[in-house]
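Please look through the structure below with this briefing beside you, taking one topic at a time and finding each named place in the model before moving on.

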Amino acid sequence: MYYWNDLAEIPADIGPTVITIGNFDGVHLGHQHVLNRLVKVARAQDAAAVAISFDPHPAQVHRPGNAPELIMGTMDRVQALADTGLDGLLMMHYTLELASLTAEEFVRRVLVDALHAKTVVIGHDVRFGKGNAGDLDTMRGLGRELGFAVEAVDDFGALPDGPDSGRRCSSTWIREALREGDVRTAARLLGRSHRMRGEVVHGAARGRELGFPTANLAPEASGLIPADGIYAGWLVDEAGTRWPAAVSVGSNPTFEGVSRQVEAHVIDRPAEKVEDFDLYGQHVVVEFVDRLRGMVAYTGPEALVEQMRLDVGRTREVLSTESGTGR
């Protein structure tokens, strides 16, 4: 997939293209529904499938004090978009200057002049241009004037059963699920497990002292932090190896003065890796499969160690069910 940060980087002979526009936070099943249609149309028209997205998220520019937490970081968003089969991604730097373009100016400069759009594939709720004044009817009108077709894609209902059946798949819903620790619902909406990405840094080493060493993610790690608790999950190291892990999110109320953190205890390491398993300085991915329990303050280290043993056993069971092998 070609990746551009600026209109000047796009080759003059790129066209024709089939284009969609969106923030794509999470690249969830609703996004994938539109992107899959985009790729299918592009292949049928012998055109390049291109998505336009924005960094930072527009809400972080317009209302920084009240912007939603992002489900995923830019690196994971780019990878998830690439996985849909796109030929190109234009990640535009979102600024107040860009936001000041009218709907027509944005379409002319970006879709037509830079990308030579043949077809635009968008959802019914699309908004673009200054003050979000542009909508689906606006795009259709500009398409007739400027020479490109417009295809509207219906919403995707991700969960056909249960109390939320028929609810529109959305980034807002995923954020709600993660704040409640419901990583299974988040995974159903995302089409994959929720993940965080960050550097492994040194912590207080309490886990190692208790016999459960952990890889602590730096506070700057990307990805929305789910609710406090213990999770069964995976740690993916820089070599791409996926290690089963019991993941702790929270401040560990058994000990005083511990700030909120995400730490993963890798289980079932091979014998040759038990002593020299060093992840410090690596940029790793932590995937959340299931929430085992909430955070509890124990009477002392002995009670905590016993609970951690139970958590490891439960993690092993959950991951064995998920993968069939536990690895």
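Helix 5 passes helix 6 in a right-handed crossing, and in this predicted model the two axes come within 11 Å and cross at roughly 55°. The points below begin with this pair of helices and then turn to the spaces in the protein, to the backbone and to one pair of residues.

**The helix pair**

- Two packed helices are described by the angle between their axes and by the distance between those axes.
- Helix 5 covers residues 103-114, while its partner, helix 6, covers residues 136-146.
- An angle that is neither under 35 degrees, nor over 145, nor from 65 to 115 counts as oblique, and therefore helix 5 and helix 6, crossing at roughly 55°, are oblique to each other.

**The largest pocket**

- The volume of the largest pocket is about 1200 Å³, and of the 43 residues that line this pocket, the closest to its centre are Ile21, Gly22, Asn23, Asp125 and Arg127.
- Several elements give two or more residues to the lining of the largest pocket, among them strand 2 (17-21), helix 2 (58-62), helix 4 (96-99), strand 5 (117-123) and helix 7 (171-179).
- Helix 1, which spans residues 29-44, gives the most to this lining, with four residues.
- When the lining residues of the largest pocket are divided by character, 18 are nonpolar, 17 are polar and eight are charged.

**The cavities**

- A search of the whole structure finds three cavities of 30 Å³ or more, and the second largest cavity holds about 60 Å³ of space.
- The residues that line the second largest cavity are Asn23, Asp25, Phe54, His57, Leu70, Met72 and Arg77, and they divide into three nonpolar, two polar and two charged.
- Asn23 can be found in both settings, as it is listed with the residues closest to the centre of the largest pocket and also lines the second largest cavity.

**Cis peptide bonds**

- Glycine 15 and proline 16 are joined by a cis peptide bond, with an omega of about -5°, and proline 16 is found in the loop between strand 1 (2-4) and strand 2.
- A cis peptide bond also runs from aspartate 55 to proline 56, where omega is near 0°, and proline 56 lies in the loop between strand 3 (48-55) and helix 2.

**Positive phi angles**

- Aspartate 46 is not a glycine, and yet its phi is positive, at about 55°; this residue has its place in the loop between helix 1 and strand 3.
- Because a relative accessibility over 50% counts as exposed, aspartate 46, at 70%, is an exposed residue.
- Histidine 116, which is not a glycine either, has a positive phi of about 55° and lies in the loop between helix 5 and strand 5.
- The relative accessibility of histidine 116 is 32%, so this residue counts as partly exposed.

**A pair brought together from separate parts of the sequence**

- Alanine 239 is found in the loop between strand 9 (229-236) and strand 10 (242-250), and with a relative accessible area of 70% alanine 239 is exposed.
- Although alanine 239 and valine 284 are 45 residues apart in sequence, they are 9.3 Å apart in space, taken from C-alpha to C-alpha.

Terms used:
Residues numbered from 1 in each chain as written. Predicted model: local features only at pLDDT ≥ 70, side-chain atom pairs only at ≥ 80, totals over all residues. Heavy atoms only, no water. 1 Å grid on protein atoms, 1.4 Å probe; cavity = no way out; pocket = protein on both sides within 12 Å on 5 of 7 lines; lining within 4 Å. Points joined across faces, edges and corners; volume = space filled by probe spheres on them. Nonpolar A, V, L, I, M, F, W, Y, C, P; charged D, E, K, R; others polar. Buried < 20%, exposed > 50% of the residue type's maximum accessible area, 1.4 Å probe, protein only. Axes fitted to C-alpha atoms, helices over the stretch in contact; angles between N-to-C directions. Left-handed = near helix turned anticlockwise from the far one by under 90°.
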